[in-house]
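Q: I'd like a close look at one part of this protein, the open sheet and whatever packs around it. Could you walk me through how that part is put together?

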Amino acid sequence: PAVPKKLIVVGAGIIGLELGSVWRRLGAEVTVVEFLDRITPGMDTEVATAFQRGLTKQGMTFRMGTKVTGAKTSKDGVELTLEPAKGGDAEILKGDVVLVAIGRRPYTEGLGLETVGVTPDQRGFIANDHFKTSAPGVWVIGDVTHGPMLAHKAEDEGMAVAEVIAGKHGHVNYSVIPGVIYTTPEVATVGLTEAAAKESGRKVKVGKFPLMGNARAKAMLQPDGFVKLIADAETDRVLGCHIIGPGAGEMIHEICVAMEFGASAEDVALTCHAHPTVSEAVREAALACGDGAIHV
């Protein structure tokens with residue numbers, strides 16, 4: 001009903017950071033407690049570091065490598081018992097409200113699945129073979145099965161299932177599912193991170209462009225952030241893209257299209273982009289995979 005004076009967020013994942021940043025901008029003192037030593041696990045490390053730095057600059061406080069071992073509520077708020085994740089002395093952290101954002105789980109209990117012969121795994125997820133379950137005529141999509149727990153992934157799967165039921169060849173390209181963190185600035189990602197690309201055995205090249213060199217971002221007074229493009233060093237094929245900055249969630253889609261068509265970084269670099277737009281930074285990052293960005 002009101003902006004809390006002190007908000008504690010347990011979990012430095014997407015939901016915790018989105019909601020924590022909202023309440024911070026509304027005036028709350030926000031402390032994020034995270035078990036790991038980094039925020040947004042799975043995200044490109046360089047982007048995650050810049051992201052945390054930006055949120056800290058906005059006034060959010062981070063307690064990394066810390067676990068919550070107890071909680072006690074009272075009319076005055078909540079007291080959390082914290083301990084170092086690697087072991088150590090406990091301490092008390094007080095707040096008015098605590099947001100627990102430590103992960104998501106499928107809602108598959110109580111659906112009567114056992115009556116048709118469908119058995120979820122220990123975490124509640126339902127396995128599938130091209131969307132088919134173990135029960136004839138029962139199909140599965142979205143958060144109750146494996147893959148990114150994202151609405152647009154579920155929508156793609158729903159379309160694919162409808163095509164399969166209609167006798168066609170429904171398909172979802174799970175390598176090109178964008179993810180967006182709706183903070184200010186936004187963070188958007190698609191495809192492989194730099195680390196994942198290297199771990200796959202590929203030789204990669206990385207093109208980066210800071211928004212400080214982008215006219216539109218500077219005019220908007222939002223020059224913090226960058227575009228990072230990952231490409232195969234041998235074929236120049238785009239493998240992934242990671243953006244932090246204003247409108248990142250809108251900008252990521254041109255790379256999604258490029259990846260669907262198997263485009264090279266050079267293809268993106270040779271595509272004319274309107275000026276002044278923040279999207280020019282995507283082209284500059286692609287240019288940086290080759291001879292170099294123009295406005296760096």
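A: Here is a walk through the sheet, then the core, then the charged pairs. Keep in mind that this is a predicted model.

Let's set the scene with the whole chain. It has eight helices and twelve strands, and its C-alpha atoms fill a box of roughly 60 × 55 × 40 Å along the principal axes. Of the 296 residues, 41% are buried. If you take contacts between residues at least 6 apart in sequence, 52% of them join residues at least 24 apart. The accessible surface is about 16200 Å², and carbon and sulfur atoms account for 54% of that.

Now the sheet. Five strands make it up, in the order β8-β9-β12-β11-β10, with antiparallel pairing, and the sheet is open. β8 (179-181) and β10 (204-210) are the edge strands; each has a single partner strand, so one side of each has no neighbour in the sheet. On average, neighbouring strands here are turned by 10° against each other, if you ignore direction. As a general reminder, strands of a sheet pair through backbone hydrogen bonds, either parallel or antiparallel.

Start at the β8 edge. A hairpin of four residues connects β8 to β9, and the two strands, with β9 covering residues 186-191, run antiparallel and are joined by three bridges. Within that pairing, V180 sits opposite A188 of β9, while G179 has T189 of β9 as its bridge partner. Follow T189 across to the next strand and you find H242 in β12 as its bridge partner there. That takes you into the β9 and β12 pairing, which is antiparallel and runs over six bridges.

Over toward the other edge, a helix comes in. Helix α8 (residues 280-288) lies across β10, β11 (226-232) and β12 (238-245), and runs at about 140° to β10.

Next, the packing. In soluble globular proteins, nonpolar side chains tend to be buried together. In this model, the largest nonpolar core has 32 residues, and those with the most contacts inside it are V190, V227, L229, C241, I243, I255 and V282. β9, β11, β12, α6 (248-260), α7 (265-269) and α8 each supply at least two residues of that core. The most generous contributor is α6, which gives seven residues.

I255 is a handy residue to click on. Leaving out its neighbours within four places in sequence, I255 is in contact with V190, L229, V238, C241, V268 and V282. Another core lies apart from the one just described; it has 20 residues, including L7, V9, F51 and I244.

Finally, the charged pairs. The general idea is that side chains of opposite charge can pair when their charged atoms come close. The whole structure has twelve salt bridges, and a few of them are good to look up on screen.

Take K57 and D224, which form a salt bridge with their closest N and O atoms 3.6 Å apart. K57 belongs to helix α2 (residues 45-57) and D224 to the loop between α5 (215-219) and β11, so this pair ties together parts that are 167 residues apart in sequence. K57 has 68% relative accessibility, so it counts as exposed. D224 comes in at 46%, so it is partly exposed.

Away from the sheet's own strands, R63 and E91 meet through their side chains in a salt bridge of 2.5 Å, N to O. R63 is in strand β3 (residues 61-63) and E91 in strand β6 (residues 91-95), so the pair links parts 28 residues apart in sequence. Both are partly exposed: R63 has a relative accessible area of 24%, and E91 has 36% relative accessibility.

Then there's a pair inside one helix. E194 and K198 form a salt bridge, with their closest N and O atoms 3.0 Å apart. Both lie in helix α4 (residues 194-199), four residues apart, which is about one turn of the helix. K198 is partly exposed at 47% relative accessibility. The pair is also part of something wider: salt bridges with shared partners join D44, E46, E194, K198, K208 and K228 into one network.

Terms used. Residues are numbered from 1 along each chain as its sequence is written. This is a predicted model: local features need pLDDT of at least 70, side-chain atom pairs count only at pLDDT 80 or more; totals for chains, interfaces and linings use all residues. Side-chain values use heavy atoms; hydrogens and water are left out. Two strands pair if DSSP finds at least two bridges between them. Axes are lines fitted to C-alpha atoms, for helices over the stretch in contact, and angles run from 0 to 180 degrees between N-to-C directions. Contact means heavy atoms within 4.5 Å. A nonpolar core is a set of buried Ala, Val, Leu, Ile, Met, Phe, Trp, Tyr and Cys residues joined through side-chain atoms within 4.5 Å. Buried means under 20% relative accessible area, exposed over 50%, partly exposed in between (1.4 Å probe, protein chains only). A salt bridge is a side-chain nitrogen of Lys or Arg within 4 Å of a carboxyl oxygen of Asp or Glu. Accessible areas come from the Shrake-Rupley method with a 1.4 Å probe; for residues, only the protein chains shown count as cover.
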